[in-house]
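Student: Hey, could you walk me through this one? I'm new to it.

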2 protein chains.
Amino acid sequence: MLQHSTATIEPAPLDRVLQALADPTRRRMVEVLSEGPVSVSELAKPFDMTLSAIVQHLAVLESSGVVRSEKVGRVRTCRLDPAALDTAEQWVHQRRAEWERRFDRLDQFLARTAPAAAEQDASKSPKKEPSP
Amino acid sequence: MLQHSTATIEPAPLDRVLQALADPTRRRMVEVLSEGPVSVSELAKPFDMTLSAIVQHLAVLESSGVVRSEKVGRVRTCRLDPAALDTAEQWVHQRRAEWERRFDRLDQFLARTAPAAAEQDASKSPKKEPSP
DNA sequence: GCAATACTTAAGTGAATGCTTCAACATTCA
DNA sequence: TGAATGTTGAAGCATTCACTTAAGTATTGC
């Protein structure tokens with residue numbers, strides 16, 4: 001899926017995305033926006049702080065790419081950009097995957113070196129050591 | 001000053017996880033740890049800062065649950081806890097999912113109200129809107 | 001015992017963050 | 001037109017953050 005055609009050199013998107021999502025207020029804003037686009041003042045309503053504060057949070061969300069907005073008349077409408085969320089999701093997912101992959105290697109290693117604990121795997125072909 | 005003490009006070013695990021991952025140094029630490037458990041000083045080696053700084057980052061990671069550690073003798077060994085990462089992954093995933101679900105509803109709505117062209121008279125909506 | 005190792009803790013600093021208030025500005029509508 | 005609406009911007013302030021330095025406390029090995 002192709003998104004922003006700008007193909008610009010983004011500084012550190014992952015950094016900004018996670019930093020944007022680290023704040024509970026901004027996360028609630030994302031939750032609101034995940035239900036659909038709203039204007040700035042709409043977005044601000046459920047929050048117990050000034051419009052100014054919300055606008056500043058919005059700026060963080062926009063600079064991270066998580067939210068985009070466009071102004072028509074005097075109303076700015078904000079919407080989620082799921083692609084930016086994808087960046088974060090993938091990073092987290094990959095760390096978990098790597099960790100689990102390592103776990104598998106460890107299992108194999110233990111099955112090889114301590115076959116007493118392993119019920120079934122004595123016949124597996126010997127392999128190189130998993131880097132610890 | 002009290003932070004918004006409104007109804008939805010999150011217990012805060014997600015908060016801490018995302019905040020932990022928001023920092024590039026801590027994220028690199030997680031990357032290192034995703035390759036397997038290491039001691040504190042091992043962990044600190046690739047970084048261009050004091051051990052103290054690393055230990056402080058480690059404390060953040062531990063308080064978020066992303067990393068756990070145990071001390072044997074004088075060596076503290078740190079390892080990733082993938083379950084904590086899961087919390088973050090799921091939250092992001094669900095926001096994306098909700099957004100895409102909404103997109104589907106919008107598609108359906110447009111297909112109903114503007115089958116050919118929405119040039120004129122899109123303002124009369126006899127059907128219920130997809131919940132905005 | 002003594003010194004090296006591995007971590008721990010405390011205190012300090014400059015920059016960033018999360019707010020606030022107050023003052024514009026642009027658009028819409030009576 | 002002029003008031004209401006919706007947003008924008010700047011300045012200020014308290015708190016948190018990412019470090020630093022400098023001093024500890026346990027373990028381990030000789």
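Tutor: Sure, we'll go through the two protein chains and then the DNA.

Tutor: This is a predicted model, where local features need pLDDT of at least 70, side-chain atom pairs count only at pLDDT 80 or more, and totals for chains, interfaces and linings use all residues. Residues are numbered from 1 along each chain as its sequence is written, chains are lettered from A and ligands numbered from 1 in the order in which they are written, and side-chain values use heavy atoms, with hydrogens and water left out.

Student: How can chain B be laid on chain A?

Tutor: A turn of 180° with a shift of 0.0 Å along the axis does it, at an RMSD of 0.1 Å (least squares on the C-alpha atoms of residues with pLDDT of at least 70 in both copies). That's how a two-fold axis relates things.

Student: Which residue of chain B comes closest to the rotation axis?

Tutor: B:Glu89, with its C-alpha at 2.7 Å.

Student: How many residues does the contact take from chain B and from chain A?

Tutor: Chain B gives 38 residues and chain A gives 34 residues, where contact means heavy atoms within 4.5 Å. The area buried between them is about 3,500 Å², with 61% from carbon and sulfur atoms; buried area is the accessible area (1.4 Å probe) that two parts lose on being put together, summed over both.

Student: And how many salt bridges are there between chain B and chain A?

Tutor: Six, a salt bridge being a side-chain nitrogen of Lys or Arg within 4 Å of a carboxyl oxygen of Asp or Glu. B:Asp86 forms one with A:Arg96, and the closest N and O atoms there are 3.6 Å apart.

Student: OK, new topic. Which residues come nearest to DNA strand D?

Tutor: There are 21 residues around DNA strand D, and the nearest are A:Ser41, A:Arg74, A:Arg76, B:Thr50 and B:Gln56. Being near takes one heavy atom within 4 Å of the strand.

Student: What share of the strand D atoms within 4 Å of the protein belongs to sugar or phosphate?

Tutor: It's 67%, and the rest belong to bases.

Student: Where do phosphate oxygens of strand D sit relative to A:Arg76?

Tutor: One is 2.6 Å from an N or O atom in the side chain of A:Arg76. For B:Thr50 the distance from a phosphate oxygen to a side-chain N or O atom is 2.7 Å, and for B:His57 it is 2.9 Å.

Key:
A polar contact is a pair of N or O atoms within 3.5 Å; within protein, one must be able to donate a hydrogen and the other to accept it, and residues adjacent in sequence count only if both atoms are side-chain atoms.
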